[in-house]
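Q: I should like to learn how to read the sheets, the surface and the charged pairs of a protein model. Could we work through one case together?

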Amino acid sequence: MLYQIYEAQRSLMEPFADFAQAASKLYSNPLSPFGQHPLAQRISAGYDLVYRLGKDYEKPEFGIKTVNVEGVDVAIHERVEIDKPFCELRRFKRFSDDPQTLGRLKEQPAVLIVAPLSGHYATLLRDTVRTMLRDHKVYITDWRNARIVPLEQGEFHLDDYVNYVQEFIRHLQGEYGNCHVISVCQPTVPVLAAVSLMASRGEKTPLTMTMMGGPIDARKSPTAVNNLAMNKSFEWFESNVIYRVPTNFPGAGRRVYPGFLQHSGFVAMNPDRHLSSHYDYFKHLIAGDDTNAEAHRKFYDEYNAVLDMDADYYLETIRVVFQEFQLVNGTWDVISPEGELERVRPEDITTTAHFTIEGELDDISGSGQTEAAHSLCFNVPKARQKHLEVKGAGHYGIFSGRRWREVVYPQVRDFILQHNEAGSAGGRKAPARKAVTAAARKSPVKARTTVEARARRK
């Protein structure tokens, strides 16, 4: 009932938020009689703050129209390459009428950015995408809000996430011959699993795999987020954070971890900081400081836009990653699209270079959690492994903002370029997908239906 109560409250507040927005404009307009009031600026600021606290935040747009490539403005066109029930593979295609620039764009590496499915939309990585577009062909996983996915589209499990990633990697390899993968936060685990499974089957794996601030081994330097997942039982999460989508959404009846609950958790981690930020916004409005006020709006338009996660996916992530540590313990079995159980074996990765990145002050994924990938992929030569700890950076600083652009990105770019050239010179051709499937079916694990496989694994 909690979701239904929240929706009723939101619907009740909506007209008041609209009124507050209109009132704010009336008092801020110098041509309005209300704008002549001696306290008009303060009243307008107060109404504006009420509006922003009460409004509903929809999914933001990436809004990347152009990027500068070596002094030339290049036009960007967004399009969906693959449309899955719970995710879109989104491409940022670059266009230029300058022949030399166009030639450079065609030669640049293709990169799949796997965005986190952990509450916020993929647009949280806007700065990551915009920066990467200078030197790469960029694709990103744009995860859907589970409340808009009808029940007839089926369930979504952690296994499905892994299988989606493999499908997207194969798509880029089919287009360009090879690709590179970057995972930010939560997807470091399923991406490592996806590449491991491809290596175990003898498929061609990405040339590089960059993992940024993710819980590969959540036992190391556990944060408040990790402790919550570790100290509460699986049954506690199922009983306290899982609700059904109300009838006013396309996904009515689907079990989800609602976005509004996730947002409450985000705010509860640093309530003083958010309170101070809103008060500063109020003061900026009074002072007529439009620059800082707009910066506040842009941040919270992104921060307050949250999505529902499918319950099966969320609960399995809690169990596999934060409670049983199945990846690092070598006990994780993933169900393939053919309904087979496949063991995740990172040690089977031998050719994919990997780069791990952590923030010194990261309060989401603690120190050493991402670096643990190196000990799991021990058959990758040391010369193809790299680790970076970004001094003074928190969780968001490693993929967005000044430190990302000035410290992290140049090293990511050079790492990809180094191994892209090496891969182009001596890369091996991937076996056909049909042959790979046939080989997988000869494995000791017998084929079974997805339901039977999941029941057996549990």
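A: Let us begin with a definition: two strands pair if DSSP finds at least two bridges between them. The model before us is a predicted one.

Q: In which sense do S8 and S9 run, and which residue stands opposite Tyr 243?

A: Strands of a sheet pair through backbone hydrogen bonds, either parallel or antiparallel. Here S8 and strand S9 (residues 255-257) run antiparallel and are joined by two bridges. Tyr 243 has Val 256 of S9 opposite.

Q: What is the strand order of the open sheet of three strands?

A: The order is S8-S9-S10, and the pairing is antiparallel. Strands S8 (243-244) and S10 (309-310) are at the edges with a single partner strand each, so one side of each lacks a neighbour in the sheet.

Q: How is the sheet of nine strands ordered?

A: This open sheet has mixed pairing and follows the order S1-S2-S3-S5-S4-S6-S7-S13-S14. Its edges are strand S1 (66-69) and strand S14 (385-390); each has a single partner strand, so one side of each is left without a neighbour in the sheet. From one strand to the next, the twist averages 25 degrees. At the S14 edge, strand S13 (residues 353-359) and S14 run parallel, joined by six bridges. Within this pair, Gln 385 in S14 lies opposite His 354.

Q: Which strands does helix H5 touch?

A: Helix H5 (residues 158-176) packs on the sheet and touches strands S2 (72-83), S3 (87-95), S4 (110-114), S5 (137-143) and S6 (180-184). The direction of H5 makes about 165 degrees with that of S4.

Q: How does S5 pair with S3 and with S4?

A: S5 pairs with S3 in the antiparallel sense over six bridges, and with S4 in the parallel sense over four bridges. In the former pair, Leu 89 is opposite Thr 141 of S5; in the latter, Val 111 has Val 138 as its bridge partner.

Q: How many residues of S5 are buried?

A: Seven of its seven residues are buried, so S5 is largely enclosed by the rest of the structure. Both faces are covered: one side carries the buried residues Lys 137, Tyr 139, Thr 141 and Trp 143, and the other carries Val 138, Ile 140 and Asp 142, likewise buried.

Q: Which residue forms a salt bridge with Asp 142?

A: Side chains of opposite charge can pair when their charged atoms come close. The side chain of Asp 142 meets that of Arg 90 in a salt bridge (3.0 Å, N to O). Asp 142 belongs to strand S5 and Arg 90 to strand S3, so the pair ties together parts 52 residues apart in sequence. Asp 142 is buried at a relative accessible area of 2%, and Arg 90 is buried at 13%. Salt bridges with shared partners join Lys 59, Glu 78, Asp 83, Glu 88, Arg 90, Asp 142 and Arg 144 into one network.

Q: How far apart in helix H1 are Arg 10 and Glu 7?

A: They lie three residues apart, about one turn of the helix, and their side chains meet in a salt bridge (2.9 Å, N to O). Arg 10 counts as buried at 17% relative accessibility, as does Glu 7 at 5%.

Q: Is Leu 12 of helix H1 buried or exposed?

A: A residue is called exposed when its relative accessible area is over 50%. Leu 12, in helix H1 (residues 2-28), is exposed at 58%. With Met 13 and Phe 16, Leu 12 forms a nonpolar surface patch of about 320 Å² of accessible area together.

Key: Residues are numbered from 1 along each chain as its sequence is written. This is a predicted model: local features need pLDDT of at least 70, side-chain atom pairs count only at pLDDT 80 or more; totals for chains, interfaces and linings use all residues. Side-chain values use heavy atoms; hydrogens and water are left out. Patches are made of residues with over 30% relative accessible area and no salt bridge: like charges are joined within 9 Å, nonpolar side chains (Val, Leu, Ile, Met, Phe, Trp, Tyr) within 5 Å. Accessible areas come from the Shrake-Rupley method with a 1.4 Å probe; for residues, only the protein chains shown count as cover. A salt bridge is a side-chain nitrogen of Lys or Arg within 4 Å of a carboxyl oxygen of Asp or Glu. Buried means under 20% relative accessible area, exposed over 50%, partly exposed in between (1.4 Å probe, protein chains only). Axes are lines fitted to C-alpha atoms, for helices over the stretch in contact, and angles run from 0 to 180 degrees between N-to-C directions. Contact means heavy atoms within 4.5 Å.
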